[in-house]
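Please work through the exercises below with the sequence and the model open beside you. Each task is followed by a solution that goes step by step.

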Amino acid sequence: MGKKRVLAFDFGASSGRAIIGEFDGKSFQMEEIHRFTNDPVMVSGTFYWDILRLFHEIKTGITKAIHAGGFDAIGIDTWGVDFGLLDKNGNLLQNPVHYRDSRTDGMPEKLFSVVPKEEVYNETGIQIMKFNTIFQLFTIAQKEPELLERAETMLFIPDLFAYFLTGVKKAEYSIVSTSQIMNPNTGEWTYDLLEKLGVPTSILPEIIDAGSIYGMLSDDICEELGAPKVPVIAVCTHDTASAVVSVPSEEKDFIYISCGTWSLFGTELDKPIISKASEELNVTNEGGYDRTVRFLKNIMGTWLIQESRRQWIREGFEVTFADLEKEALACEPFKCFIDPDCLDFEKPGNLPKRVQEFCERTGQYVPQNRGEIMRCIYESLAMKYRYAFNAIREVTGKTYNTIHMLGGGTKDRLLCQMTADSCNVKVVAGPIEATATGNIAVQLIALNEISGLKEARKIVKDSVEPKEYDVKDAASYDAAYSRFLEIVGK
């Protein structure tokens, strides 16, 4: 068998990469050929994604991939929930709005006055978060109805990029599943729910499965870039769904944390769980490869660390993540906690100050320096992971002996160890490039190079060398956990 080469584009909230994945029939080899920042832009009070500039980066990545030896297919994964609206001529009506924009502030409560919260959850099985697509569309219907009147098609971000490359307008299942406008039992749009909210369902495209082909690279793109006429494959286009493809486990039941800007803590199921218990615990049912269910909790992740570091750099301190980890380790443990999912921490800005304000507001010790603030963040994340772990076990009725940590957050050894201690189970960290690996794996399945998900995971397991973290100090976390729950009100 000759080597297959595929081109994976992996977009995060702050950066993106183009990676060539090469498969020799036994293992993956990956080479990053292009990296770029993802810089949202505030214009007249609205926070937008700079979508055309990001598409320019895709074209740059394609050009570099051609010079690096070529490729047989293209796959794109991004963050969830956000979308672009196209008019009848296929042109964008506006730049897609960032999920951290303030336009949906207070909108869940307004929406629930039209359709009760319980009905929304029972229909969609999705964790209530104010930036979900359902709240964004409801906001537009309430405040800018003329925008929806002009719209012919709504496309999520990876589907929008695929449209720019192929001219085909379709929506991939895993990205649709993040929106809270899809029924996870049927895999279809929630037409009746949207009609109650005044959102025209005519804008909804066909839903396709991961591993399908959007279409071939368009003649215009091929001519402009000198690119081969290759398929653009609908991988698991939601980045977490791609990451879960690469969980290096051969067990059916496993727990994972896709750890990056967000921490997605969950398990993989054959069918959704939508119950009173899952609603009260605010657990979500999102889609995965082969229409599996990613039963998970969304937790504010290393965004808290990243944004704190950005603030200190703005103040003139050139601190690295390694510096912050070292400073945290030097501080006394369990002096104070935050709720990582508190709305105070959602938006960019002075995160360290907000941590101090949270601690003062909740009657705790107020951290005085970088190390104490970082220790507070680290321990609070580990405690929130424990809370999510307990919720998953309670609702599924299953036990799990290992947590698989995936993605860039696995480079943070302190967080990995704290997770093992807090959850009192072994942590297996890796692969670091989980999302890109999953993207590449689904492309290879679509090209009939890999038989399916089971084989893909075995290849990942054989291709990486994960680092294991054994439990070292569970007793200390046990003693502090009840105080954490009191402080965060859980």
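## Exercise 1: A strand with neighbours on both sides

In this predicted model, Ile213 has Ile233 of β14 as its bridge partner. Task: establish which strands pair with β14, in which sense they run, and whether the side chains of β14 are buried or exposed.

Solution. Begin with the Ile213 side of β14, where β13 and β14 run antiparallel and are joined by four bridges. Next, turn to β6, which pairs with β14 in the parallel sense over two bridges; here Gly75 has Ile233 of β14 as its bridge partner. Ile233 is thus a bridge partner of Gly75 and also of Ile213.

For the side chains, recall that in a regular strand they alternate between the two faces of the sheet. In strand β14 (residues 231-234), Pro231 and Ile233 lie on one side and Val232 and Ala234 on the other, and all of them are buried, so both faces of the strand are covered.

## Exercise 2: The six-stranded sheet

Task: place β14 in its sheet, and find which strands stand at the edges.

Solution. The strands of this open sheet follow the order β3-β2-β1-β6-β14-β13, and their pairing is mixed. β3 (28-37) and β13 (212-216) are the edge strands; each has a single partner strand, so one side of each is left without a neighbour in the sheet. On average, and with direction ignored, neighbouring strands here are turned by 25 degrees against each other.

Now look at one pair in detail: strand β1 (residues 4-11) and strand β2 (residues 15-23) are antiparallel and share eight bridges, with Phe11 standing opposite Gly16 in β2. Finally, add the helix that packs on this sheet, namely α1 (residues 51-67), which touches β1, β2, β3 and β6 (74-77) and whose direction makes about 140 degrees with that of β3.

## Exercise 3: The seven-stranded sheet

Task: give the strand order of the open sheet of seven strands, and describe how β19 pairs with β20.

Solution. The order is β17-β18-β16-β15-β19-β20-β21, again with mixed pairing. At the edges are β17 (284-287) and β21 (467-469), each of which pairs on one side only. Neighbouring strands of this sheet are turned against each other by 30 degrees on average, direction ignored.

Within the sheet, β19 and strand β20 (residues 426-429) are parallel and are paired over four bridges, and His404 stands opposite Val428 in β20.

## Exercise 4: A buried charge after β19

Task: Asp412 is buried; what is the nearest side chain of opposite charge, and which side chain makes a polar contact with Asp412?

Solution. First locate the residue: Asp412 is found in the loop between β19 (402-406) and α16 (413-423). Then test for a salt bridge, for which the nitrogen and the carboxyl oxygen must lie within 4 Å. The nearest side chain of opposite charge is that of Arg413, at 7.1 Å, and Asp412 has no salt bridge. The side chains of Asp412 and Tyr378 are, however, joined by a polar contact of 2.6 Å. If residues up to four places away in sequence are not counted, Asp412 touches Ile305, Glu325 and Tyr378.

## Exercise 5: Salt bridges across the sequence

Task: the structure holds 32 salt bridges; for three of them, find where the partners lie and how far apart in sequence they are.

Solution. As background, side chains of opposite charge can pair when their charged atoms come close.

- Lys130 and Asp105 form a salt bridge of 2.9 Å, N to O. Lys130 lies in the loop between α3 (117-124) and α4 (133-143) and Asp105 in the loop between β7 (83-86) and α2 (107-112), so the pair ties together parts that are 25 residues apart in sequence. Lys130 counts as buried because its relative accessibility is 13%, whereas Asp105, at 36%, counts as partly exposed.
- Asp253 and Lys398 form a salt bridge in which the closest N and O atoms are 2.9 Å apart. Asp253 is in the loop between α10 (239-245) and β15 (255-259) and Lys398 in the loop between α15 (370-396) and β19, 145 residues apart.
- Arg370 and Glu327 meet in a salt bridge of 2.9 Å, N to O. Arg370 lies in helix α15 and Glu327 in helix α13 (residues 321-329), so parts that are 43 residues apart in sequence are tied together.

Definitions and conventions
Residues numbered from 1 in each chain as written. Predicted model: local features only at pLDDT ≥ 70, side-chain atom pairs only at ≥ 80, totals over all residues. Heavy atoms only, no water. Buried < 20%, exposed > 50% of the residue type's maximum accessible area, 1.4 Å probe, protein only. Lys, Arg positive; Asp, Glu negative; His and termini not counted. Polar contact = N/O pair within 3.5 Å; in protein donor to acceptor, adjacent residues only side chain to side chain. Contact = heavy atoms within 4.5 Å. Pairing = 2+ DSSP bridges. Axes fitted to C-alpha atoms, helices over the stretch in contact; angles between N-to-C directions.
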